Amino acid sequence: MSVEDPDRVTTAATQDAPDPAVRSRLARRSRSRHPSDAEYIRIALILAAITGAEIAVYYLDSVKSLLIPLLFTFAAIKFALVALWFMHLKFDNKLYARFFTAGILFALTVYAIVLLTFRVFASS
Amino acid sequence: MDASLGQHMTPHQPSEDEVELETSTGLPNIKLAMWIFLGSECLLFGALITTYVLYRGRSTVGPYPSDLFDIGYTSVSSFVLLASSLTMVLALAAIQRGDHGRLRVWLLATALLGMTFIGGQVYEFTSFVREGLTLHTNLFGTTFFVLTGFHGVHVTVGILMLLSLVALSLAGRLPQDRALTVELVGLYWHFVDIVWIIIFTVVYLIPTGHGTLVPR
């Protein structure tokens, strides 16, 4: 679905807009693209369910061998849900996502190199 | 006077399209700056989490994580912080609708949930110290307190910002067209939440091996 990007409003959205009417109009446009309260609650319930699943697998002996992959998968899903819906990266201008993703990828790359250098993932 | 110069001097109301040209990206600089800041925070917390992982299971003296962690208790804290993310987006939705009553309710709820989380963390830290774990006891104590302490400071700063928003709203200085202010505080708050998602997994749920990321 093509959605008009309300963030391309610059000064109004930066709150320096001289004209309150422009600010109000742009605020209405901004509101229209964000999820409804019901959708926010649905996402929160999914997050709670995943957290419950994390705690469950922690205590389950039958999934011990898959514990770490499962926990990282759950954490990644929760991270993505919060970033995409609650932080609106799914709905906002892609430039925000690019800056944030750049920070994450840079951090992952640098610290993966550090951990590999110190053989943290090597089996003892 | 030159005619073209006269045209430039004629005051007129800028259209939305013209307003869009007022920053080089066409986006609000302050929101872009917040995202760049959050990107840089990934490096800060990445360094702290990496340090914890690097030294996990390498303490030569106790107490060790398995002696101290209460997963049930920390799980409740995690649910509290997740719930605060929900109340934060509901606060943003409220101001975007112009519903200032609900804005204040949700902002206060978010701040209270944040304070509950911090209260839980203070209790946890206190009980760990009573058990003999301090910043200086061993590698686990140093890396654990620095990582979770930094996160706790971020949550505390977020609570102060939330209470400031409530005060601004009560003073009538947070009208509907200033919703971006609430959105920026919300971005910071959600970031603190996603950092906790990682900390909860890496620090609390993944069992400590002997210097490696291996299951018990």
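**Helix packing in chain B and local features of chain A**

In this predicted model, the buried residues of helix 6 of chain B pack against helix 4, helix 5, helix 7 (139-170) and helix 8 of chain B. The residues in question are B:Leu103, B:Trp106, B:Leu107, B:Thr110, B:Ala111, B:Leu113, B:Gly114, B:Phe117 and B:Phe128. Helix 6 itself runs over residues 100-130 of chain B, 31 residues in total, and spans 45 Å from its first C-alpha to its last, close to the 45 Å expected at 1.5 Å a residue. Just past the end of helix 6 of chain B comes B:Gly132, which has a positive phi near 105°.

The setting for this helix is easy to describe. Chain B has eight helices and zero strands, so along the sequence the pattern simply reads α-α-α-α-α-α-α-α. Of its 216 residues, 40% count as buried. Contacts in chain B reach far along the sequence: taking those between residues at least 6 apart, 81% join residues at least 24 apart.

Two of the partners of helix 6 can be looked at in detail, starting with helix 7. The axes of helix 6 and helix 7 of chain B are 9 Å apart and the two pack at an angle of about 155°. Since an angle over 145 degrees counts as roughly antiparallel, helix 6 and helix 7 of chain B are therefore roughly antiparallel to each other. Their crossing is left-handed. On the helix 6 side, the residues that meet helix 7 of chain B include B:His100, B:Leu103, B:Arg104, B:Leu107, B:Thr110, B:Gly114 and B:Gln121. From helix 7 of chain B, the residues they meet include B:Thr148, B:Gly152, B:Val155, B:Ile159, B:Leu162, B:Val166 and B:Ser169.

Next comes helix 5. Helix 5 of chain B and helix 6 of chain B pack at an angle of about 160°, and their axes are 8 Å apart. That makes helix 5 of chain B roughly antiparallel to helix 6 of chain B. This crossing, too, is left-handed. Helix 5 of chain B brings to the contact, among others, B:Ser77, B:Val80, B:Leu81, B:Ser84, B:Thr87, B:Met88, B:Ala91 and B:Ile95. Helix 6 of chain B answers with residues including B:Arg102, B:Leu103, B:Trp106, B:Ala109, B:Leu113, B:Phe117 and B:Gly120. B:Leu103 thus turns up in the contact with helix 5 as well as in the one with helix 7, and B:Leu103 is among the buried residues of helix 6.

Elsewhere in chain B, one backbone detail is worth a look. The peptide bond from B:Gly62 to B:Pro63 is cis, with omega near 0°. B:Pro63 sits in the loop between helix 3 (29-55) and helix 4 (65-68) of chain B. For context, most peptide bonds are trans, and most residues other than glycine have a negative phi.

Over in chain A, the assignment gives domain 1 (1-33), domain 2 (36-91) and domain 3 (93-124). The C-alpha centres of domain 2 and domain 3 of chain A are 20 Å apart. Helix 2 of chain A has 23 residues and reaches 34 Å from first C-alpha to last, close to the 33 Å expected at 1.5 Å a residue. Its buried residues are A:Tyr40, A:Ala44, A:Leu47, A:Thr51, A:Glu54 and A:Ile55. Part of their cover comes from chain B: helix 5 (71-97) and helix 8 (179-205) of chain B are included, together with helix 3 of chain A. Helix 2 (residues 37-59) of chain A also holds A:Arg42. With 13 other C-beta atoms within 10 Å, A:Arg42 is partly exposed. The C-alpha atoms of A:Arg42 and A:Leu71 are separated by 22 Å, the two residues being 29 apart along the chain.

Two residues of chain A stand out for their phi. A:His88 has a phi near 65°, a positive value in a residue other than glycine. A:His88 is found in the loop between helix 3 (67-86) and helix 4 (94-117) of chain A, and A:His88 counts as buried because it has 23 C-beta neighbours inside 10 Å. A:Arg119, not a glycine either, has a positive phi of about 55°. A:Arg119 lies in the segment after helix 4 of chain A and is exposed, with 11 other C-beta atoms within 10 Å.

Note on methods. Residues numbered from 1 in each chain as written. Chains lettered and ligands numbered in written order. Predicted model: local features only at pLDDT ≥ 70, side-chain atom pairs only at ≥ 80, totals over all residues. Helix = DSSP H or I, 4+ residues; strand = E, 2+ residues; numbered from the N terminus. Buried ≥ 20, exposed ≤ 12 C-beta atoms within 10 Å, placed from the backbone. Contact = placed C-beta atoms within 7 Å. Expected span 1.5 Å × (residues − 1). Domains from an automatic or database assignment. Axes fitted to C-alpha atoms, helices over the stretch in contact; angles between N-to-C directions. Parallel < 35°, antiparallel > 145°, perpendicular 65-115°, else oblique. Left-handed = near helix turned anticlockwise from the far one by under 90°.
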